[in-house]
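I opened a fresh notebook page for this chain. Here is what I looked up, in the order I went through it.

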Amino acid sequence: MTTTTPPVTLDDVRSAAARLDGVAHRTPVLRSRTLDALVGAEVFLKCENFQRVGAFKFRGAYNAASRLTAEERARGIAAYSSGNHAQAVALAARELGTTAVIVMPEDAPPSKRAATEGYGAEIVTYDRYTGDRVAIAEALAAERGLTLIPPYEHPHVIAGQGTAALELVEETGELDALVVPVGGGGLIAGSATAVKGPGAGTRVLGVEPEAGDDTKRSLEAGRRVSVPVPHTIADGQALHTPGELTFSLNRRLVDGIVLVSDDEIRDAMRFAFERLKIVLEPSGATPLAALLTGRAGPLPGRVGAILSGGNVDADRFARLCGSAG
(Lines give C-alpha, C1' and ligand atoms only; values in the text may rest on other atoms or scores of the structure.)
Protein backbone atom coordinates (compact mmCIF):
# COMPACT_ATOMS: atom_id res chain seq x y z
CA MET A 1 0.00 0.00 0.00
CA THR A 2 1.34 3.43 -0.91
CA THR A 3 1.47 6.08 1.80
CA THR A 4 1.82 9.78 1.10
CA THR A 5 4.39 11.75 3.09
CA PRO A 6 2.85 14.99 4.37
CA PRO A 7 4.43 18.24 3.12
CA VAL A 8 5.71 19.02 6.64
CA THR A 9 6.79 16.32 9.10
CA LEU A 10 8.03 16.18 12.68
CA ASP A 11 11.54 15.68 11.30
CA ASP A 12 11.16 18.95 9.38
CA VAL A 13 10.23 20.75 12.59
CA ARG A 14 13.21 19.22 14.37
CA SER A 15 15.49 20.27 11.51
CA ALA A 16 14.14 23.81 11.77
CA ALA A 17 14.80 23.78 15.52
CA ALA A 18 18.44 22.88 14.90
CA ARG A 19 18.75 25.69 12.34
CA LEU A 20 17.19 28.20 14.75
CA ASP A 21 19.30 27.15 17.72
CA GLY A 22 21.26 30.17 18.92
CA VAL A 23 19.44 32.48 16.48
CA ALA A 24 15.83 32.53 17.70
CA HIS A 25 15.02 32.98 21.37
CA ARG A 26 13.89 29.96 23.34
CA THR A 27 10.91 31.80 24.77
CA PRO A 28 9.71 31.35 28.36
CA VAL A 29 6.77 29.22 29.50
CA LEU A 30 4.61 31.12 31.99
CA ARG A 31 2.41 29.60 34.71
CA SER A 32 -0.33 31.27 36.75
CA ARG A 33 -2.25 29.74 39.66
CA THR A 34 -4.99 32.28 39.09
CA LEU A 35 -5.35 31.22 35.46
CA ASP A 36 -5.27 27.54 36.39
CA ALA A 37 -8.12 28.10 38.85
CA LEU A 38 -10.19 30.02 36.30
CA VAL A 39 -9.67 27.46 33.57
CA GLY A 40 -9.81 24.35 35.74
CA ALA A 41 -6.62 22.91 34.30
CA GLU A 42 -2.85 23.27 34.43
CA VAL A 43 -2.08 25.91 31.80
CA PHE A 44 1.33 26.41 30.21
CA LEU A 45 1.68 29.65 28.26
CA LYS A 46 4.36 29.73 25.54
CA CYS A 47 5.24 33.42 25.41
CA GLU A 48 6.18 34.18 21.82
CA ASN A 49 5.71 37.87 22.61
CA PHE A 50 9.31 37.55 23.86
CA GLN A 51 10.55 36.17 20.54
CA ARG A 52 12.77 38.26 18.28
CA VAL A 53 10.62 40.87 16.46
CA GLY A 54 8.06 40.28 19.23
CA ALA A 55 6.29 37.35 17.57
CA PHE A 56 6.61 33.71 16.53
CA LYS A 57 7.00 34.73 12.88
CA PHE A 58 10.78 35.02 13.13
CA ARG A 59 11.00 31.24 13.45
CA GLY A 60 9.47 30.48 10.07
CA ALA A 61 10.97 33.43 8.24
CA TYR A 62 14.51 32.63 9.32
CA ASN A 63 14.14 28.91 8.69
CA ALA A 64 13.01 29.59 5.13
CA ALA A 65 15.45 32.42 4.38
CA SER A 66 18.45 30.54 5.76
CA ARG A 67 17.86 27.76 3.23
CA LEU A 68 18.19 30.03 0.18
CA THR A 69 21.15 29.55 -2.10
CA ALA A 70 23.92 32.13 -2.24
CA GLU A 71 22.56 33.30 -5.61
CA GLU A 72 19.05 33.71 -4.21
CA ARG A 73 20.34 35.65 -1.23
CA ALA A 74 22.28 37.95 -3.52
CA ARG A 75 19.07 38.85 -5.38
CA GLY A 76 17.01 39.46 -2.23
CA ILE A 77 13.73 38.44 -0.65
CA ALA A 78 10.12 39.57 -1.09
CA ALA A 79 7.23 39.04 1.33
CA TYR A 80 3.72 40.23 2.11
CA SER A 81 2.40 40.78 5.61
CA SER A 82 0.25 42.92 7.89
CA GLY A 83 3.19 43.32 10.22
CA ASN A 84 4.78 40.44 12.12
CA HIS A 85 5.95 38.39 9.12
CA ALA A 86 7.13 41.66 7.59
CA GLN A 87 9.38 42.33 10.57
CA ALA A 88 10.50 38.71 10.68
CA VAL A 89 11.58 38.61 7.04
CA ALA A 90 13.25 42.00 7.34
CA LEU A 91 15.29 40.84 10.35
CA ALA A 92 16.08 37.46 8.80
CA ALA A 93 17.30 39.20 5.66
CA ARG A 94 19.53 41.50 7.73
CA GLU A 95 20.91 38.56 9.72
CA LEU A 96 21.72 36.69 6.50
CA GLY A 97 23.26 39.65 4.68
CA THR A 98 20.54 40.12 2.08
CA THR A 99 17.74 42.62 1.37
CA ALA A 100 13.96 42.49 1.71
CA VAL A 101 11.00 44.19 0.04
CA ILE A 102 7.73 43.86 1.94
CA VAL A 103 4.18 44.40 0.66
CA MET A 104 2.16 45.79 3.60
CA PRO A 105 -1.43 47.10 3.88
CA GLU A 106 -1.78 50.86 4.15
CA ASP A 107 -3.52 50.47 7.51
CA ALA A 108 -0.87 48.25 9.09
CA PRO A 109 -0.13 49.29 12.67
CA PRO A 110 2.43 52.13 12.55
CA SER A 111 4.65 50.41 15.11
CA LYS A 112 4.92 47.31 12.91
CA ARG A 113 5.71 49.36 9.82
CA ALA A 114 8.33 51.39 11.69
CA ALA A 115 9.97 48.24 13.04
CA THR A 116 10.04 46.67 9.56
CA GLU A 117 11.72 49.76 8.13
CA GLY A 118 14.06 49.79 11.11
CA TYR A 119 15.36 46.37 10.13
CA GLY A 120 16.24 47.80 6.73
CA ALA A 121 13.39 46.58 4.52
CA GLU A 122 11.76 48.50 1.69
CA ILE A 123 7.96 48.74 2.04
CA VAL A 124 5.39 48.75 -0.76
CA THR A 125 1.82 49.49 0.42
CA TYR A 126 -1.62 48.42 -0.83
CA ASP A 127 -5.29 48.67 0.23
CA ARG A 128 -6.16 45.42 2.04
CA TYR A 129 -9.86 45.77 1.15
CA THR A 130 -9.38 46.23 -2.61
CA GLY A 131 -5.90 44.96 -3.43
CA ASP A 132 -4.60 41.41 -3.82
CA ARG A 133 -1.41 41.28 -1.76
CA VAL A 134 -0.33 37.91 -3.13
CA ALA A 135 -0.63 39.09 -6.74
CA ILE A 136 1.18 42.33 -5.92
CA ALA A 137 4.04 40.52 -4.19
CA GLU A 138 4.34 37.86 -6.89
CA ALA A 139 4.52 40.52 -9.61
CA LEU A 140 7.10 42.47 -7.63
CA ALA A 141 9.22 39.38 -7.04
CA ALA A 142 9.10 38.44 -10.72
CA GLU A 143 9.99 41.96 -11.83
CA ARG A 144 12.99 42.26 -9.51
CA GLY A 145 14.13 38.64 -9.44
CA LEU A 146 13.42 38.24 -5.72
CA THR A 147 12.61 35.05 -3.83
CA LEU A 148 9.15 35.24 -2.30
CA ILE A 149 8.77 33.96 1.27
CA PRO A 150 5.03 33.91 2.06
CA PRO A 151 3.78 34.20 5.64
CA TYR A 152 2.37 30.67 5.83
CA GLU A 153 2.12 28.92 2.44
CA HIS A 154 5.62 27.43 2.56
CA PRO A 155 6.81 24.15 4.13
CA HIS A 156 9.94 25.71 5.65
CA VAL A 157 7.88 28.53 7.16
CA ILE A 158 5.39 26.05 8.65
CA ALA A 159 8.19 23.86 10.03
CA GLY A 160 9.84 26.90 11.61
CA GLN A 161 6.61 27.99 13.27
CA GLY A 162 6.19 24.50 14.71
CA THR A 163 9.36 24.88 16.75
CA ALA A 164 7.48 26.96 19.35
CA ALA A 165 5.24 24.00 20.17
CA LEU A 166 8.20 21.63 20.01
CA GLU A 167 10.02 23.70 22.64
CA LEU A 168 6.88 23.82 24.77
CA VAL A 169 6.49 20.03 24.98
CA GLU A 170 10.23 19.59 25.47
CA GLU A 171 9.93 21.77 28.58
CA THR A 172 6.58 20.62 29.94
CA GLY A 173 6.21 17.05 28.70
CA GLU A 174 3.25 15.82 26.66
CA LEU A 175 0.17 18.04 26.79
CA ASP A 176 -3.45 16.94 26.76
CA ALA A 177 -4.46 19.94 24.67
CA LEU A 178 -2.81 22.80 22.80
CA VAL A 179 -4.61 26.06 21.97
CA VAL A 180 -3.22 28.09 19.07
CA PRO A 181 -4.28 31.29 17.24
CA VAL A 182 -5.20 30.85 13.58
CA GLY A 183 -4.62 33.35 10.81
CA GLY A 184 -3.34 31.82 7.58
CA GLY A 185 -2.86 28.54 9.43
CA GLY A 186 0.93 28.21 9.45
CA LEU A 187 1.42 28.35 13.22
CA ILE A 188 -1.27 25.80 14.01
CA ALA A 189 -0.16 23.51 11.17
CA GLY A 190 3.42 23.53 12.43
CA SER A 191 2.29 23.22 16.05
CA ALA A 192 0.01 20.27 15.34
CA THR A 193 2.81 18.58 13.39
CA ALA A 194 5.11 19.07 16.38
CA VAL A 195 2.78 17.71 19.08
CA LYS A 196 0.94 14.96 17.20
CA GLY A 197 3.92 12.67 16.82
CA PRO A 198 3.72 8.88 17.15
CA GLY A 199 1.89 7.94 20.33
CA ALA A 200 1.00 11.52 21.27
CA GLY A 201 -2.60 12.18 22.20
CA THR A 202 -2.61 15.98 22.25
CA ARG A 203 -5.83 17.65 21.15
CA VAL A 204 -5.14 20.76 19.03
CA LEU A 205 -7.65 23.62 19.06
CA GLY A 206 -7.42 26.76 16.95
CA VAL A 207 -8.81 30.18 17.84
CA GLU A 208 -10.10 32.74 15.35
CA PRO A 209 -11.81 36.13 15.80
CA GLU A 210 -15.55 35.94 15.18
CA ALA A 211 -15.28 38.22 12.16
CA GLY A 212 -12.65 36.03 10.50
CA ASP A 213 -13.87 32.45 10.82
CA ASP A 214 -12.62 31.23 7.44
CA THR A 215 -10.69 28.26 8.81
CA LYS A 216 -13.58 27.13 11.01
CA ARG A 217 -15.97 27.27 8.09
CA SER A 218 -13.46 25.54 5.83
CA LEU A 219 -12.88 22.65 8.22
CA GLU A 220 -16.62 22.20 8.66
CA ALA A 221 -17.15 22.26 4.88
CA GLY A 222 -14.19 20.02 4.10
CA ARG A 223 -12.89 22.57 1.59
CA ARG A 224 -11.41 26.06 1.63
CA VAL A 225 -14.10 28.69 2.19
CA SER A 226 -13.69 32.45 1.81
CA VAL A 227 -15.29 35.11 4.01
CA PRO A 228 -15.35 38.90 3.56
CA VAL A 229 -12.10 40.57 4.64
CA PRO A 230 -12.56 40.68 8.43
CA HIS A 231 -12.89 43.89 10.41
CA THR A 232 -11.34 42.89 13.73
CA ILE A 233 -8.84 44.27 16.22
CA ALA A 234 -6.83 41.05 15.63
CA ASP A 235 -5.10 42.40 12.52
CA GLY A 236 -2.74 39.42 12.36
CA GLN A 237 -5.77 37.18 11.84
CA ALA A 238 -7.65 39.39 9.39
CA LEU A 239 -7.55 36.90 6.52
CA HIS A 240 -10.42 35.77 4.33
CA THR A 241 -9.25 32.33 3.11
CA PRO A 242 -7.02 29.63 4.64
CA GLY A 243 -3.86 28.77 2.79
CA GLU A 244 -4.03 25.77 0.47
CA LEU A 245 -0.97 24.08 1.98
CA THR A 246 -1.88 24.94 5.56
CA PHE A 247 -5.45 23.73 5.10
CA SER A 248 -4.25 20.40 3.71
CA LEU A 249 -2.37 19.89 6.98
CA ASN A 250 -4.93 21.36 9.33
CA ARG A 251 -7.85 19.31 8.04
CA ARG A 252 -5.90 16.20 9.10
CA LEU A 253 -4.37 17.45 12.34
CA VAL A 254 -6.59 20.09 13.96
CA ASP A 255 -9.38 18.89 16.24
CA GLY A 256 -11.49 22.02 16.20
CA ILE A 257 -11.72 25.82 15.93
CA VAL A 258 -13.36 28.15 18.45
CA LEU A 259 -14.26 31.81 17.99
CA VAL A 260 -13.76 34.81 20.27
CA SER A 261 -15.14 38.33 20.02
CA ASP A 262 -13.14 41.53 19.92
CA ASP A 263 -14.41 42.39 23.40
CA GLU A 264 -13.22 39.03 24.71
CA ILE A 265 -9.83 39.63 23.12
CA ARG A 266 -9.63 43.00 24.88
CA ASP A 267 -10.47 41.35 28.19
CA ALA A 268 -7.73 38.77 27.63
CA MET A 269 -5.19 41.48 26.83
CA ARG A 270 -6.17 43.28 30.02
CA PHE A 271 -5.93 40.06 32.07
CA ALA A 272 -2.48 39.33 30.63
CA PHE A 273 -1.31 42.83 31.53
CA GLU A 274 -2.84 43.06 34.99
CA ARG A 275 -2.45 39.49 36.25
CA LEU A 276 0.37 37.96 34.19
CA LYS A 277 2.37 41.19 33.74
CA ILE A 278 2.86 40.70 30.00
CA VAL A 279 1.79 42.68 26.92
CA LEU A 280 -0.01 40.84 24.14
CA GLU A 281 -1.21 42.10 20.79
CA PRO A 282 -4.82 41.19 19.95
CA SER A 283 -3.95 38.14 17.83
CA GLY A 284 -1.57 36.89 20.51
CA ALA A 285 -4.32 37.11 23.12
CA THR A 286 -6.93 35.00 21.32
CA PRO A 287 -5.88 31.66 22.90
CA LEU A 288 -6.04 33.26 26.34
CA ALA A 289 -9.48 34.65 25.47
CA ALA A 290 -10.65 31.17 24.50
CA LEU A 291 -9.43 29.80 27.83
CA LEU A 292 -10.85 32.59 30.00
CA THR A 293 -14.29 32.51 28.37
CA GLY A 294 -14.58 28.74 28.35
CA ARG A 295 -15.02 28.84 24.57
CA ALA A 296 -12.43 26.07 24.29
CA GLY A 297 -14.84 23.86 26.27
CA PRO A 298 -14.00 21.57 29.18
CA LEU A 299 -10.28 20.97 28.99
CA PRO A 300 -8.17 18.04 30.19
CA GLY A 301 -5.52 18.32 32.88
CA ARG A 302 -2.54 19.82 31.04
CA VAL A 303 -3.15 22.56 28.50
CA GLY A 304 -0.64 24.53 26.46
CA ALA A 305 -1.37 27.83 24.74
CA ILE A 306 0.82 29.70 22.29
CA LEU A 307 0.64 33.45 22.87
CA SER A 308 1.83 34.35 19.41
CA GLY A 309 3.00 37.96 19.76
CA GLY A 310 3.14 41.24 21.61
CA ASN A 311 3.52 43.83 18.87
CA VAL A 312 1.12 46.59 19.83
CA ASP A 313 2.14 50.19 20.39
CA ALA A 314 1.42 51.92 23.67
CA ASP A 315 -1.32 54.23 22.37
CA ARG A 316 -3.26 51.41 20.71
CA PHE A 317 -2.83 49.17 23.75
CA ALA A 318 -4.23 51.92 25.96
CA ARG A 319 -7.20 52.44 23.64
CA LEU A 320 -7.96 48.72 23.50
CA CYS A 321 -7.50 47.97 27.19
CA GLY A 322 -8.62 51.22 28.80
CA SER A 323 -11.78 51.42 30.87
CA ALA A 324 -13.72 52.73 27.88
CA GLY A 325 -12.82 49.60 25.89
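Before any element gets a name: helices (H or I, at least four residues) and strands (E, at least two) are DSSP runs, numbered from the N terminus. I am working with a predicted model, in which local features need pLDDT of at least 70, side-chain atom pairs count only at pLDDT 80 or more, and totals for chains, interfaces and linings use all residues. Residues are numbered from 1 along each chain as its sequence is written, and side-chain values use heavy atoms, with hydrogens and water left out.

**Entry: two backbone oddities**

I looked up V53 and found it in the loop between β2 (42-47) and α3 (57-65). Its phi is near 65°, which is positive in a residue other than glycine. Is V53 buried or exposed? I noted V53 as buried, because its relative accessible area is 9%; buried means under 20%, exposed over 50%, and partly exposed in between (1.4 Å probe, protein chains only).

K277 also went on the page, with a positive phi of about 65° although it is not a glycine. K277 sits in the loop between α13 (262-276) and α14 (282-293). At a relative accessible area of 65%, K277 counts as exposed.

**Entry: Q87**

From V53 I moved on to Q87, which lies in helix α5. I found Q87 buried, with a relative accessible area of 3%. What does Q87 touch, not counting residues up to four places away in sequence? The contacts (heavy atoms within 4.5 Å) are V53, K112, A115, T116, Y119 and N311.

**Entry: a strand pair**

Next I checked β4 (residues 100-105) and β5 (residues 122-126), which run parallel and are joined by five bridges. Two strands pair if DSSP finds at least two bridges between them. V103 has V124 as its bridge partner in β5. Between the strands, the chain passes through helix α6 (residues 110-118), making a right-handed β-α-β crossover. Right-handed here means that, with the strands pointing away from the viewer, the path from the first strand over the helix to the second runs clockwise.

**Entry: pockets**

I kept the pocket recipe handy: on a 1 Å grid over the protein atoms alone, a pocket is an open set of points where a 1.4 Å probe fits, with protein on both sides within 12 Å along at least five of seven lines, and lining residues have an atom within 4 Å of a point. A volume is the space filled by probe spheres set on the points, which are joined across faces, edges and corners.

The largest pocket has a volume of about 740 Å³. Its lining has 40 residues, and the closest to the centre are R133, P151, Y152, A238 and L239. I see α5 (84-95), α7 (133-144) and α10 (186-195) each supplying at least two lining residues. The lining divides into 13 nonpolar, 17 polar and ten charged residues, where Ala, Val, Leu, Ile, Met, Phe, Trp, Tyr, Cys and Pro count as nonpolar, Asp, Glu, Lys and Arg as charged, and the others, Gly among them, as polar.

The second largest pocket comes to about 160 Å³. Its lining includes G22, H25, R59 and E170. α1 and α9 (163-172) are the elements that give two or more residues to this lining, and α9 gives the most, with four. By class I wrote down four nonpolar, three polar and five charged.

**Entry: G22**

Last, I looked at G22 by itself. G22 is in the loop between α1 (10-20) and β1 (29-30), and it is exposed, with a relative accessible area of 75%. The C-alpha atoms of G22 and A318 are separated by 34 Å, with these positions 296 residues apart along the chain counted as their distance apart.
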